[in-house]
Structures are given as C-alpha cells and as structure tokens.
Amino acid sequence: MKKTYKIDVDCANCANKMEQAAKDTSGVKDAVVNFMTLKMSVEFEEGQDAKAVMQEVRKNCKKVEDDCEIFL
Amino acid sequence: MNKKQKKMLIRILLSAAMLIGFNFLPVTGLVRFVLYLIPYVVIGYDILIKAFKGIRNRQPFDESLLMAIATLGAIALAIYSEVVEHEAGDYVEAIAVMLFYQVGEWFQSYAVGKSRRNISDLMDIRPDYANVERDGKLEQVDPDEVEVGSEIIVQPGEKVPIDGVIVSGTSTLNTSALTGESLPRDAGEGDEIISGCINMTGVLKIKTTKEFGDSTVSRILDLVENASSRKSKSEAFISRFARIYTPAVVYSAIALAVLPPLVRMFGMGLAAEWGTWIYRALTFLVISCPCALVISIPLSFFAGIGGASNAGVLVKGSNYLEVLSQTRYVVFDKTGTLTQGVFEVNAVHHNKLEEERLLEYAALAESASSHPISRSLQRACGKEPDRSRVTDIEEISGNGVTATVDGIRVAAGNAKLMQRLGVEWIDCHHAGTIIHMALDGEYAGHIVISDIEKPHAKEAVRALKKAGVEKTVMLTGDSRKVAEHVASDLGIDEVHAELLPADKVAKVEELLLQKPEKAKLAFVGDGINDAPVLSRADIGIAMGAMGSDAAIEAADIVLMDDDPMKIAKAIRISRKCLRIVYENIWFAIGIKLICLALGAVGIANMWLAIFADVGVMIIAVLNAIRALFVKKL
C-alpha cells in the first residue's frame with residue numbers, strides 16, 4: 001500500500017533526513033520525500049495500519065528535524 | 001513572500017543595521033560585549049533553540065547545532081582575547097556568520113518557493129469549474145462532480161475542464177498549454193476534445209466521455225507533479241554524499257582542534273596555540289553544511305521537468321531526464337512518428353489524360369471498397385463519388401478492381417492485374433503502392449499512393465544528429481522498398497523493414513546488446529501497439545499521445561503533439577538540465593573542498609567559510625533555476 005502526504009520543511013537536507021527517518025521507521029517499506037513538491041510518499045509493509053505507522057514516522061521525523069510537519 | 005520569510009527578513013535587516021551601527025560606537029569591555037550580544041540573539045535565537053533540541057534528540061550533525069557551536073565558539077575566542085590578551089575581541093565575525101547563514105536560508109526558501117510557484121504557473125491548466133446547464137441557466141460546478149455522459153458548456157476564454165465530444169458549436173482551440181504548439185486548432189461538431197485546451201472563439205456544448213480524474217488534464221498534472229519523486233542517480237549520489245560529508249567535516253574539525261596543538265606541544269616543543277587551531281576548526285564547522293549541494297540538484301531537475309512540460313514534453317521522472325541526456329541511439333517506429341500514417345496520392349505518372357480525370361475514374365472504380373487506398377483516392381479526387389455512374393464492379397482479390405464507368409471499361413490495380421488483362425504497363429521507380437490504370441484495355445498511367453512524411457521529419461533527424469545522437473534506426477512493418485525510400489529521404493542510418501510487432505522488440509533488444517553500456521537507446525513510437533517496445537528501450541518516448549492512456553502508461557517521456565522536432569528538443573532540454581546539475585555538483589563540492597583546505601592551513605577565515613556555505617548555495621540555486629528556461633533550445 002502506498003500513500004502520499006503533504007509535508008512542510010524548510011531545507012533540502014532536512015527533507016533528506018526526514019526521508020531517512022521515515023525509511024527507518026518500522027512498518028515502512030520505502031519512503032520518498034520530494035522537497036520540491038513538499039510531498040512524502042510512503043509505502044507500507046503488508047498488514048500495517050497506515051495511521052499508526054504514520055504517527056511513528058512523524059515522531060521520528062520530528063526527532064531529526066524539529067521544524068518539520070507531516071499533514072496526516 | 002510568506003509570513004515566515006517576512007519575519008526573517010526583518011530580523012536580518014535589524015541585526016545587520018545594529019552590526020554596522022555598533023561599529024561606530026566608542027564602547028569597550030563588558031558594555032561592548034553585551035551590546036553585540038543583542039544582534040546575535042536577534043538573528044540567531046531560533047538556531048540556538050534548534051541546536052538545543054538537536055542535543056536533546058541526539059542529533060550530533062544537526063546544522064543548527066553546528067552553526068551554534070561555530071558562532072558561540074567564535075564569541076568565546078573573542079572573549080578570551082579580550083580578557084586574557086587584553087585586545088578588543090572580534091564579535092562581528094560570529095554575528096556575521098550567523099547573519100549570512102540566515103540570509104542563505106532565507107534566500108533558499110524564497111528561491112525554492114518562487115520556482116515552485118513559477119512551475120505551477122507554467123502548468124496552469126487545472127480548470128476550476130465546469131458549466132452545467134440546469135433549468136435553462138448556466139451553473140458553475142466542481143468538475144469533480146460532473147458525471148460521465150453529462151453535457152457541459154464551455155464559453156469563449158474558458159478552459160475545457162473534462163474530455164468529451166463536441167455536441168454542438170464550432171470554435172478555435174488554443175492547445176499551447178498542453179502541447180507547447182502555438183498554432184490554434186479548429187474543432188466542430190462530433191470532434192473529440194481534450195481537457196486543458198482553451199476555447200477561443202465559439203460556445204461549445206460538450207458531452208463528457210471521462211470523469212475529471214481520468215481526463216487528460218488531471219492525468220498530466222498528476223504525472224508532472226509526481227515526476228520529481230522518481231529520483232535520478234545524481235540525486236541519490238548527492239544524498240549519499242551529504243550523509244558522509246557532514247560527519248566527515250565535523251570529525252576533521254575535532255581533529256584539527258586537538259591534534260596539531262598536541263603535536264606542537266609535545267612533538268615539537270612549541271607553543272600550542274590552541275586559539276588558532278580552534279578557530280580553524282570552527283571555520284570547518286561553518287563549511288560543513290551540505291545544503292548548497294542538496295538543494296541545487298533536485299531544484300535543477302524540478303526546473304528542467306517544469307520547463308520541458310511547458311514545451312509540451314512530459315517527463316515522468318528525474319531519472320528519465322538523466323537517461324535521456326545520455327541518449328546516443330534513437331530508434332523510430334516509422335508510421336505515426338516519421339510519417340503521418342495517412343495514405344495519400346503522391347503522384348500520377350505516364351497519364352494519357354488529365355490527372356483529375358484519371359483519379360476520378362480510379363476513385364469511381366474503387367468506390368465500393370472501404371480500403372484506406374480507395375479512401376485516399378476519393379480524398380485526392382476531392383468529392384464524393386457518384387456511384388450511379390459505376391456498374392459491373394468486380395474485385396479481383398490481390399489484383400485490383402475492374403468496373404464500367406460512364407460506359408468505359410476501367411481497370412485499376414497492380415502489375416498482376418495488368419498482366420492478367422494483357423495490358424502493357426510501365427513500372428514505377430517510386431516507393432509506395434502503385435495503382436496501374438487501364439481504360440478500355442489501353443494503359444492510361446499509374447497512381448502512386450504512399451504514406452506521407454511528416455513536415456518536419458527531415459529536420460528532426462538532422463536536429464537529432466546535431467544534438468549528439470550517433471545513430472538513428474527505423475523499424476517498420478512496411479515493405480523494404482518503401483522503408484528504404486523513406487529512410488534515405490530522411491537521412492536515417494539504419495532500416496529494418498517488414499517487421500511484425502514482436503520482431504520490433506527483438507530488434508530493439510539486439511540493438512541494446514550492440515551498443516556500448518554508457519550510450520542509451522531511446523525508442524520513439526506513436527503509442528499504438530508498441531507499448532512492449534516502449535518499455536523495453538532505455539527510454540520510451542511516445543508522441544502525439546494526447547488522450548492515449550496506454551501510451552502515457554508505457555512511455556517514460558510523452559510528447560504532447562506529434563511533431564518529431566520535439567524529440568531533439570527533449571534531448572536538448574535534458575542535456576541542459578544535466579549540464580547544470582553537474583556544474584552545481586562540481587562547483588559546490590570543489591569550492592567547499594578548496595575552502596576546507598585553505599581553512600586547515602589558516603589562509604581562509606570565517607568570512608571565506610561563510611562564502612563557501614551561503615555564497616555557493618545562492619550561486620547554485622540561481623544556476624539551477626536556469627534549467628527552467630528552455631524556450632530557445
């Protein structure tokens with residue numbers, strides 16, 4: 001399953017960090033952050049609850065870049 | 001400018017003004033220190049807060065943290081020289097570093113926001129509403145709510161919101177937003193119409209054939225907006241580089257601060273000069289931010305894709321733009337890309353009577369058939385055949401037809417028919433389908449019918465060569481003679497004729513094996529039944545694909561109109577974009593490494609370091625935006 005979320009982040013490197021953080025979250029198979037369109041598309045692993053996983057993703061992203069936001 | 005940017009700008013101006021103003025105040029000691037602390041806090045408080053959060057979240061390579069260490073370190077050194085060495089400490093440097101860092105961030109955010117808007121303006125084809133007639137009145141509704149098969153009204157000056165068929169009305173359509181083609185197109189009753197065109201003259205009533213979400217305009221927007229998510233190799237390289245670069249610079253900064261003084265102290269018996277080495281280490285931290293690199297590469301691709309879509313070339317991902325720029329082999333499907341796929345009477349030779357009369361006889365004799373050949377004869381004739389003039393039509397399969405027209409025995413067909421009728425015929429050296437004519441058993445000349453080349457096909461092949469394509473190959477199911485004629489006419493290097501669709505895949509695979517690894521192969525098709533070849537090639541280019549879903553699915557690059565000149569243009573756009581990408585990579589990495597080296601030996605001070613950070617980023621961003629301008633390519 002794949003879903004796309006709007007995000008807000010100020011710098012390109014921070015976007016890269018968010019991508020890495022999202023990828024490292026459990027339940028996420030793959031994640032791509034597009035800084036230019038401010039979108040994050042997340043591919044979830046089978047049988048994962050997207051909402052619960054995204055809460056974790058958001059938490060992890062906030063850890064690496066305090067100034068970011070994911071609109072769930 | 002948004003609120004955040006405005007606030008930042010005020011902070012920047014305020015602290016810059018203070019910095020300059022304090023220079024002229026005759027204060028010293030503690031007062032001076034406190035005074036200078038004001039602009040530092042004004043410009044840097046958010047960085048300091050973020051740095052603190054970085055520590056809490058255990059992010060040792062957080063940029064804010066590094067910036068905070070660098071500037072606080074510089075202030076500490078200034079205090080040290082003030083207190084211990086009784087010299088006026090240099091606070092300006094720390095504030096300036098913070099100031100310029102913020103200027104850089106501000107500029108980046110402004111430039112990126114601006115190019116985001118620019119590119120979405122370029123693709124400003126999203127219709128906001130659809131007009132639906134209800135109780136005799138026009139009502140504006142959300143195009144999402146219009147069901148398939150409803151009738152919508154499009155008034156002059158409005159965008160067509162949904163794909164459909166024109167029920168009534170005629171008008172001129174401006175398709176430039178979709179195709180990059182500025183020549184308006186005429187449309188009338190019964191014509192299919194695609195969303196995104198602008199209705200210029202008349203009122204159109206359209207019966208929708210698709211939902212808004214499936215309409216051309218939605219699909220295109222979706223495609224372009226998501227294109228930059230497919231990351232190119234250069235982008236992947238830069239993200240990897242950024243992940244190593246910052247830690248590497250930070251560790252070498254620590255080494256620079258500690259090792260040389262220890263070596264000097266114990267190894268060489270000299271003074272340690274801690275201050276000097278710590279200062280040099282701090283300049284390292286200023287250069288450690290990888291932002292210039294990380295922002296400029298995706299921005300270049302984004303701008304390149306935006307510029308390309310404005311020119312009617314849809315690129316489905318940054319990676320495809322990258323591969324396209326390495327294209328050395330271009331393989332064409334003949335029909336629909338180089339030729340129009342429409343048969344047309346090309347010439348009439350050895351005619352005993354006027355061309356028009358001969359064509360008329362041919363058209364009348366063939367009037368019972370619906371074969372493309374007979375239709376092209378009718379088109380050349382310019383009028384509907386009067387069937388009452390024709391009697392005794394006899395079709396001889398594989399040969400042609402005989403019929404009686406106005407009492408004259410007319411035979412129209414190939415050489416076999418002439419042989420069969422015992423008529424002496426003259427062979428034609430032209431490529432194409434030849435129709436020999438015999439009137440009352442007398443040879444009356446022949447008509448050459450062939451698929452016509454597109455108007456720009458020849459220039460297009462030449463333009464490809466000029467754009468650096470080494471080899472052009474044409475694949476076709478047509479006969480060898482026709483294929484070779486077209487190829488030599490257009491200047492194509494290699495032809496493979498009489499291929500079945502499956503053979504085309506095999507041929508492309510063969511070519512893929514032959515070519516060197518680095519040279520990429522692009523296949524250009526019209527999207528009709530060549531989807532397997534499109535996906536097999538390094539790059540699949542579908543042309544004239546407006547409204548053809550299968551082609552948009554299968555291809556990597558979609559040319560919105562069917563002008564073959566666009567292929568060379570697409571390659572030139574990709575070359576320009578990739579050139580900018582490489583310029584930015586080399587420039588940013590190069591300057592940073594030079595500044596690191598100069599900083600290590602003490603030649604570069606913090607001012608140069610801040611240039612290596614902010615200056616390089618500003619130049620790289622400005623350079624990246626150049627990728628947007630593709631009009632003159």
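Biologist: What does the secondary structure of chain B come to?

Modeller: In this predicted model, chain B has 20 helices and 22 strands.

Biologist: OK, and what radius of gyration does chain B have, next to a compact globule of 633 residues?

Modeller: Chain B has 35 Å, whereas a compact globule with that many residues would have a value near 26 Å. Along the principal axes, the C-alpha atoms of chain B fill a box of roughly 120 × 70 × 40 Å.

Biologist: How many of the residues of chain B count as buried, as a percentage?

Modeller: 46% of the 633 residues.

Biologist: And what share of the contacts in chain B comes from residues 24 or more positions apart?

Modeller: That would be 65%, counting contacts with a separation of 6 or more.

Biologist: Switching to where the chains touch. How many residues does the contact take from each chain?

Modeller: Chain B puts in 21 residues and chain A puts in 15 residues.

Biologist: Which helices of chain B each supply at least two residues to that side?

Modeller: On the side of chain B that touches chain A, α2 (29-56), α4 (92-122), α7 (233-267) and α9 (291-310) each do. The largest share there comes from α9(B), with 6 residues.

Biologist: What's that side of chain B like by class?

Modeller: It's a mix: 8 nonpolar, 7 polar and 6 charged residues on the side of chain B that touches chain A.

Biologist: Let's go to chain A. Which way do strands β2 and β3 of chain A run, parallel or antiparallel?

Modeller: Antiparallel, with 6 bridges joining β2 (residues 28-34) to β3 (residues 39-44) in chain A. One of the pairs is V28(A), whose bridge partner in β3(A) is F44(A).

Biologist: And what sits between β2(A) and β3(A)?

Modeller: There are 4 residues between them, and the two strands form a hairpin. In the turn, L38(A) has a positive phi of about 50°.

Biologist: Back to chain B. In what order do the 3 strands of the open sheet with β5, β6 and β8 come?

Modeller: The order is β6-β5-β8 in chain B, and the pairing is antiparallel.

Biologist: Which ones are the edge strands?

Modeller: β6 (185-187) and β8 (198-199) of chain B, each of which pairs on one side only.

Biologist: Over how many bridges do β5(B) and β8(B) pair?

Modeller: Strand β5 (residues 171-174) of chain B pairs with β8(B) over 2 bridges, in the antiparallel sense. If you want a spot to look at, N174(B) stands opposite I198(B) in β8(B).

Key
Residues numbered from 1 in each chain as written. Chains lettered and ligands numbered in written order. Predicted model: local features only at pLDDT ≥ 70, side-chain atom pairs only at ≥ 80, totals over all residues. Rg over C-alpha atoms; globule rule 2.2 N^0.38 Å. Buried ≥ 20, exposed ≤ 12 C-beta atoms within 10 Å, placed from the backbone. Contact = placed C-beta atoms within 7 Å. Pairing = 2+ DSSP bridges. Nonpolar A, V, L, I, M, F, W, Y, C, P; charged D, E, K, R; others polar.
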